[in-house]
Amino acid sequence: MRLAAGRLHQVHGGVYLVGHEVSPLYAHETAAILACRGIATISHESSTALWSLTPYPAPNPVQVTVPPERPLARRKLAVHRAALDPRDIRRRHGLPLTSPPRAILELAGSLEQDALERVVAEAHYRRLARDAELRDQIARNPGKRGVRSLRALLDLPGGPRRTRSPAERELLALLRHAGISGYETNARIHGYEVDFLWREAALVVEVDGYDAHAGRVAFERDRLKAAILTAHGLSVMLVTGRQIRRDPDGVRDRLLRALEKAR
């Protein structure tokens with residue numbers, strides 16, 4: 001009767017959403033745990049989304065991991081089987097889910113290296129997964145898919161780097177290809193966050209994009225930022241995404257000259 005009246009909405013067999021046509025926050029993940037009768041842990045991209053390392057909500061179906069010896073078949077869930085170490089299970093939003101280091105390893109086998117780097121760097125920045133914790137996952141799961149990709153990323157010179165735009169990632173790739181080192185990404189100095197910073201050389205590189213910097217307010221803000229950084233003795237070099245794509249050699253040469261001059 002309540003189903004027919006629209007007061008109950010079935011999510012899984014025996015699990016219903018009460019009084020909502022639009023699912024409230026975390027409803028699908030909560031329903032997944034209820035449907036699995038307490039033996040499941042939210043994992044993979046469903047877990048990284050709950051840790052805000054990938055966009056929320058994660059694509060359906062909800063992904064869960066259950067012990068290998070426990071039979072479970074749920075048509076509307078993506079069920080993985082693995083024996084999870086208790087260290088790899090945390091609680092967030094009242095739900096059991098894999099820890100950030102474990103969830104990153106689970107995701108590593110299905111992400112492109114660029115996307116994986118963004119996730120790992122964000123986890124580092126938010127102190128959700130330290131380098132040592134990720135290497136511990138690799139050591140404890142040597143045969144797991146994604147180990148090779150994650151190890152290669154952690155072994156990059158300077159480690160994974162946090163970037164906020166495609167143009168920043170393009171410049172990062174250019175720097176790595178050219179063997180230029182000594183920089184920080186999205187670093188804070190004199191009250192500002194800058195895109196690339198060579199702290200010892202007192203050089204800042206800002207990657208300008210038209211969409212982010214168009215308009216009078218953005219124009220004034222960016223000029224004030226450059227003026228304050230310059231007043232503190234830093235050199236500020238502006239680079240556009242178009243220049244990085246169209247003239248990477250020119251960008252590299254100008255940057256090397258600026259570094260040489262600073263030294």
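Of the 263 residues in the protein, 43% are buried. The model examined in these exercises is predicted.

**Exercise 1. Overall content**

Determine how many helices and strands the protein has, and what share of the contacts between residues at least 6 apart in sequence joins residues at least 24 apart.

*Solution.* Step 1: the secondary structure comprises 12 helices and 11 strands. Step 2: of the contacts between residues at least 6 apart in sequence, 52% link residues at least 24 apart.

**Exercise 2. The environment of serine 43**

Locate serine 43, decide whether serine 43 is buried or exposed, and list the residues that serine 43 touches beyond four places away in sequence.

*Solution.* Step 1: serine 43 belongs to the loop that lies between strand 3 (41–42) and helix 3 (44–50). Step 2: a residue is buried when its relative accessible area is under 20%. Serine 43 has 0% relative accessibility and therefore counts as buried. Step 3: leaving aside residues up to four places away in sequence, the contacts of serine 43 are Gln63, Val64, Thr65, His80, Thr98 and Glu106.

**Exercise 3. Helix 4 against helix 7**

Describe how the axes of helix 4 and helix 7 are arranged, and state which residues meet.

*Solution.* Step 1: a pair of packed helices is described by the distance and the angle between the axes. Step 2: the axes of helix 4 (residues 100–108) and helix 7 (residues 147–154) come within 7 Å, crossing at roughly 115°. Step 3: angles of 65 to 115 degrees count as roughly perpendicular, and this description therefore applies to helix 4 and helix 7. Step 4: the crossing of helix 4 past helix 7 is right-handed. Step 5: helix 4 contributes Ile104, Leu105 and Ala108, which meet Val147, Ser149 and Leu150 of helix 7. By class, this contact contains five nonpolar residues, one polar residue and no charged residues.

**Exercise 4. The four-stranded sheet and its helices**

Give the strand order of the open sheet, identify its edge strands, and place helix 8 and helix 12 relative to the strands.

*Solution.* Step 1: the open sheet has four strands in the order 8-9-10-11, with mixed pairing. Step 2: strand 8 (184–189) and strand 11 (235–240) are the edges, each pairing on one side only. From one strand to the next, the twist averages 45°. Step 3: strand 9 (residues 192–198) and strand 10 (residues 203–208) are antiparallel partners, joined over three bridges. In this pairing, tryptophan 198 stands opposite leucine 203 of strand 10. Step 4: helix 8 (residues 166–178) packs on the sheet, where helix 8 touches strand 8, strand 9 and strand 10; its direction makes about 20° with that of strand 9. Step 5: helix 12 (residues 248–262) lies across strand 9, strand 10 and strand 11, and runs at about 175° to strand 11.

Conventions. Residues are numbered from 1 along each chain as its sequence is written. This is a predicted model: local features need pLDDT of at least 70, side-chain atom pairs count only at pLDDT 80 or more; totals for chains, interfaces and linings use all residues. Side-chain values use heavy atoms; hydrogens and water are left out. Axes are lines fitted to C-alpha atoms, for helices over the stretch in contact, and angles run from 0 to 180 degrees between N-to-C directions. Helices (H or I, at least four residues) and strands (E, at least two) are DSSP runs, numbered from the N terminus. Angles under 35 degrees count as roughly parallel, over 145 as roughly antiparallel, 65 to 115 as roughly perpendicular and the rest as oblique. A crossing is left-handed if the near helix is turned anticlockwise from the far one by less than a right angle, and right-handed if clockwise. Contact means heavy atoms within 4.5 Å. Ala, Val, Leu, Ile, Met, Phe, Trp, Tyr, Cys and Pro count as nonpolar, Asp, Glu, Lys and Arg as charged, and the others, Gly among them, as polar. Two strands pair if DSSP finds at least two bridges between them. Buried means under 20% relative accessible area, exposed over 50%, partly exposed in between (1.4 Å probe, protein chains only).
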